[in-house]
Structures are given as structure tokens and as C-alpha cells.
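Visitor: Could you take one part of this model and walk me through it up close? I'd like to know what sits around it and how it fits in with the rest.

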Amino acid sequence: MLNFIKKIQGKERDREENSPRQEAGPDQEARPKPEVSRKILVVGKGEAPDVEVMDYAVNLAERLGYDLIALSVNTALGQKGRFFTPYKYHLREKFTHRARVAGEALQKKAALRGVGLEQVVKFGDLRSAVLEVHRQNKRIEFVIAQNGIKEKEVNGDLNIPVFTITGYQGERAMAKEADSRGSGVIGKTVGFGLATAILYAAVFMNTETVMHYFTKGAWYAALPIVTVFAFSFVHGAFSNYLWEALGIQAPKRVQPRPSAAKRPVARRRPRPELRINT
Amino acid sequence: MHDIAPEAVQFIDLSLTTITFLFIVGFIGGLVSGFIGSGGAFVLTPGMMSLGVPGAVAVASNMCHKFPKALVGAYKRWKYGQVDIKLGLVMAASAGVGVQIGIMIQEWILKQWGEAGSNLYVSLSFVVILVVVGGYVFYDAYKTQKAGGGEQTNPLARWLQSINLPPMMHFKTANLRISMWFTIPIGFATGMLAATIAVGGFIGVPGMIYVLGASGLVASATELVIAFVMGFGGSVKWAINGMVDIRLTLIILAGSLLGVQLGAIGTTYVKEHMIKTVMGTIMIIVAVSRGLAVPKYLKQLGVISLEESTISLLMGASFIIMCIALGVGALIILGSMWRAKRAETAAEAALALDKGYS
């Protein structure tokens, strides 16, 4: 434990030393240093990362107390060469403008949840864009890449984890179960409904025979017992899916879980560090 | 009690009214039992008898629908993490003994004072137990609601839990540790009551809450396990005697399997004290209903004299009030589910509005 703390403190010191110091002087120790928050880098190939990916990232950042960097990369307008025409410059400007507009909306949205968001627009290949952002910003803890971006594309020389959101479930997959009122549930409702109807028809169309054998007693007692078990499985499954198809199902927070501590208003807390009182 | 030969039993012809009545009562009974762990039987048995079903067949068919319903309800609530299977099985084991003793007492009373005496005993037990226990449950629910909804362990349960009398048992889901010797009387009383008035849950659930210290949610869910075990045992016994009218059972089951799942879902929406409120309300209304039936049996025993028309009026009122008890319970459940669902939808809508940025 102690070693771990020392290790962290060591890393902190390294970071402080490497960072450009704006004011260096004898009174620096006494002044509070600017806090650098931890960040998640969200990478998208369009003007802004997808809504679902951003929702997921904002949720995650809120819970972890991190900030976000939304990186929009345009790979098509990357290479500057002989064929880089003024028209392409125009396209770049247009892309940047659109990305900024989207970025402002994202910022507002993130601010509602108390998450800081910075938008960066880059052109060229993903790997160098991510590398550049990583160099410019300290404490990027991991990368969330939008669907369709492979880890190899993002992570070249960097040694930080890259997570990809596959599919477009994003925030929904994280915050709650996907809406199950799909064709699957309706199909099962119909299927089990038919099976139930057949079972009922089988009994009620042969009432005489059924009643004759079922009330014989002794070992025939197994007949009504087995029957009600069969009915409870088929009809039970039917009613389960029926309520689900009608949208009546338990809310997800059924089990009272220990709720996560409320996020403090001032999120940037001073980190522990060793100081020598002089 | 069991000496009716199968050949002598008359099974009724089904009409549309009968089917509709059984289906609806089955559904409402299922809804209530999915929510509070028991219920429905106290309306179904007299209801079926008023349709012309012989008493033994009514009890047998009712019981045969009870255990699959309890099975489905218990499974559903187990998925919600509310069922303490161990507690249920321990209680069911002692309840089994309670049922046997309860039947023996019934038979003894039947021999001593005849059918009227037996009925009087049943009605009086109903009134006394339901007024005392139901009144306390209702008072406690009212108190909890006033205090803001947080449930607290009863002082009696806390004291019993602190007594270290081996063998101590730990119930994980109910989150309590108590001596086995305190669970036995509760299970036993549940069984006795089940044998007497056919609704053991009226003792079992309050017993688990106030004596053992389980929460209302866990107690009512665990009661379904007890109901399954006892219902299964009872049904096998009745089926061996050939008393189960499978048609009646299946019609009630059709309604109650729908109801029991809705009731189980309901528990996940409402505040915990709602279970106690519903239970207390039903118990008190049922007590009033059974109280109205007492004069009839007193007259049969020659204790009081009453006009025949008054008696039939009282009996009619008694049955209607019984139906009202179930109806009121169902209304409270559906009403609070509706409110909770609406609040949830409103919160989701607000969140969605908050999220829309592009």
C-alpha cells in the first residue's frame, strides 16, 4: 500500500516537473497549483462522435469524475501534397465550422452533467491525431473509439487502453436494458399464447374423458398435478411475455444497490502529496 | 372431512357466468397474492360454493390452483431478489406440522359441536386473528407512511435476533440471523391458520415481519414459497381422493397466472410499506365480513334466535364485503403501480429532454 502511494506520488512529481511552469519562483510552493483533471478521449471520424458514443462517454465521465476531449478527425482531407487545392482548404474550413457547432452543443450537454468537454478537430490519419492530442493534453486515461474504428488505427506508439463502442447501444446499454419490446417478445407472446390456447382447448374439448380419469383418485392423482404444472409453465411464460410486450415490467433498479456517492460540486480536489515544511 | 366417496361428488356444469366469475376472481386473487404473498382463496372457496360446487371440491380445486400460482409468483419475485428460499423451506416444514394439528383440532371440534360449531370456530378465529394482526399491520403501515416510508426492524424482532439459542440460522436474502426455535412457532401458526381459514399468509407474513424481522418485501415473497410447498402437499392429498375439478382449477389458473405476475411486478414499483397497507386493509375488511357470518352459526347452535331473512341478508352482505376486500386490495395495488409508473415515465421524459442536444 505504502509503495503504491509512493509510486503515485512519484508519478505526480514527474508530471509536475515535465509540465511547463508558468511562474517559477521561491514562493511557488505556497501557491495552489492548477489542478489537471483526468480525461477520456472520445474519437470519432465525423464532425463529432456519434450521439450514442457521446452519451456513453458523458455518463462514464460523470461517474468517474473525469473530463472529456471530443476528437473529430477527418481522414479524407488529411494529406497535404501537390494536389491539395484551395477547394480542399475550403472543405476543411467547412468541416471545422460544422464540427465547432456540434462541439458547442456537446459542451452544453456535458456541462449539464458537470463534465468539462473540449473539442479538438484534426485532419489526417487517426493515429497521429490521437498522438498529437495526447501530447498536448496531460492525463488522458483512456480512449473511447466510435464504432468502426479499430484499436490499431488509434493506438500506435501510445500505451493507453482503447475501448470501442460496438453497435449503437451506447448509453442505453450502460444506463438501462435495451428496450425489449421488440419483435422477439411479441413473437414469444404469440407463440406461448397459441400453446396455451391449444392446451386449454385440449382439456375443454374432451371434458368428459378428462374428468373421468382425473377424478379417479389414487395413482391417477398425478394427472391433475402434472397438468397444472404444464399449464403453469406454458401459461406462466405467456403471461410473463404478455406483460412485457405491454410494457409492464419491473424497473431496472429493483435490487437496492448502495448508491454511488454524490458528486461534489467542486470536483477538483487537491491530491495528496508530500511537502516539507520549512 | 375426507370421507366423501368420489362417486358421490357432483361436479357442476360450467356456464359462461361461472367461467367469467372464476376467471375474474382468479385474476384479482392472483394480483393480490403476487403482491402480499397470499389471498384470493378466502373469496374463491365461498364463491365456488355459492355457485353450487360441493365444499370439498371447492377447497381441493382452489388448492390445486394455488400451488402453481405460488410457484410462478415465487419464481418471478425470486428473479427480483426478494425470495429467501431457505426461510421459506424452514417455515414450510413447520407449517406442514401446523396443518396436521390444525386439521386434528377441526375434526375434534366437528365431533364435539357438529358442523355449526366448526363453522363458528373458523369464523371466530378469522375475526379475532384478523382484527388483532391486521389492525397491527395497518397501524404499522400508517406509522411508516407518516415517518416517510423507511421500514425499520421491529423491537421484538431485534430482541429475538439478539438471543443466541442454538441452532442459529442465517437467512441471506432476508438478511437476518435468528434461532431456529423462533422460526418454528411462526411456521406452525401459519400452518394452523391455513388448515383453519385456508389463508396461512395472514399469519405467516406478519410473523416473518414482526417476529423474525424480515422486510415486508422479503416476507411476502417468501410466503409464496410456503404457499407452494403447502399447496402442493395439500393438492396431492386431495387429488388422491379424486376431489380436484381440473376444469375449475384451470379457469382460475388462467386468471391468476396473469394476476400473480402483475402483482409481483407491482412490488418493484411501490414503496415497501404499501405491502403492509394492502395486507392490513384486506385483513380488516375480511374480518368484518366473517364477523357478519357469526350470528348464523350462533343461531344454528341455539345460542341466539334470529329471523331467517336477517340471516340470509347477513350472509349475502358477508360475501359481498369479502369480494370488496379483494377488490379494494387490487385497486390499491393497481393505483399505486399506476402512480409509480407515471412518475417514472415523467422522470425518463425529463431526462430524455435533458439529453437531446443534436
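Guide: Let's start with Leu71(A), whose bridge partner in β3(A) is Val120(A). A bit further along, Val73(A) stands opposite Lys122(A), again in β3(A). Both pairs belong to a longer match-up: strand β2 of chain A, residues 67-74, pairs with β3(A) in the parallel sense over seven bridges. In general, strands of a sheet pair through backbone hydrogen bonds, either parallel or antiparallel.

Keep in mind that this is a predicted model. Zooming out, β3 and β2 of chain A are part of an open sheet of five strands, in the order β3-β2-β1-β4-β5, with parallel pairing. β3(A) stands at one edge and β5(A), residues 162-164, at the other; each has a single partner strand, so one side of each is left without a neighbour in the sheet. Neighbouring strands here are turned by 25° against each other on average, direction ignored.

Now, an edge strand might sound open, but look at the burial of β3(A): five of the seven residues in 117-123 are buried, so the strand is largely enclosed by the rest of the structure. As for helices, α3 of chain A (residues 86-112) lies across β2 and β3 of chain A, running at about 160° to β3(A). Helix α2 of chain A (residues 51-64) lies across β1 (39-44), β2 and β4 (140-145) of that chain, and runs at about 175° to β1(A).

Methods. Residues numbered from 1 in each chain as written. Chains lettered and ligands numbered in written order. Predicted model: local features only at pLDDT ≥ 70, side-chain atom pairs only at ≥ 80, totals over all residues. Buried ≥ 20, exposed ≤ 12 C-beta atoms within 10 Å, placed from the backbone. Helix = DSSP H or I, 4+ residues; strand = E, 2+ residues; numbered from the N terminus. Pairing = 2+ DSSP bridges. Axes fitted to C-alpha atoms, helices over the stretch in contact; angles between N-to-C directions. Contact = placed C-beta atoms within 7 Å.
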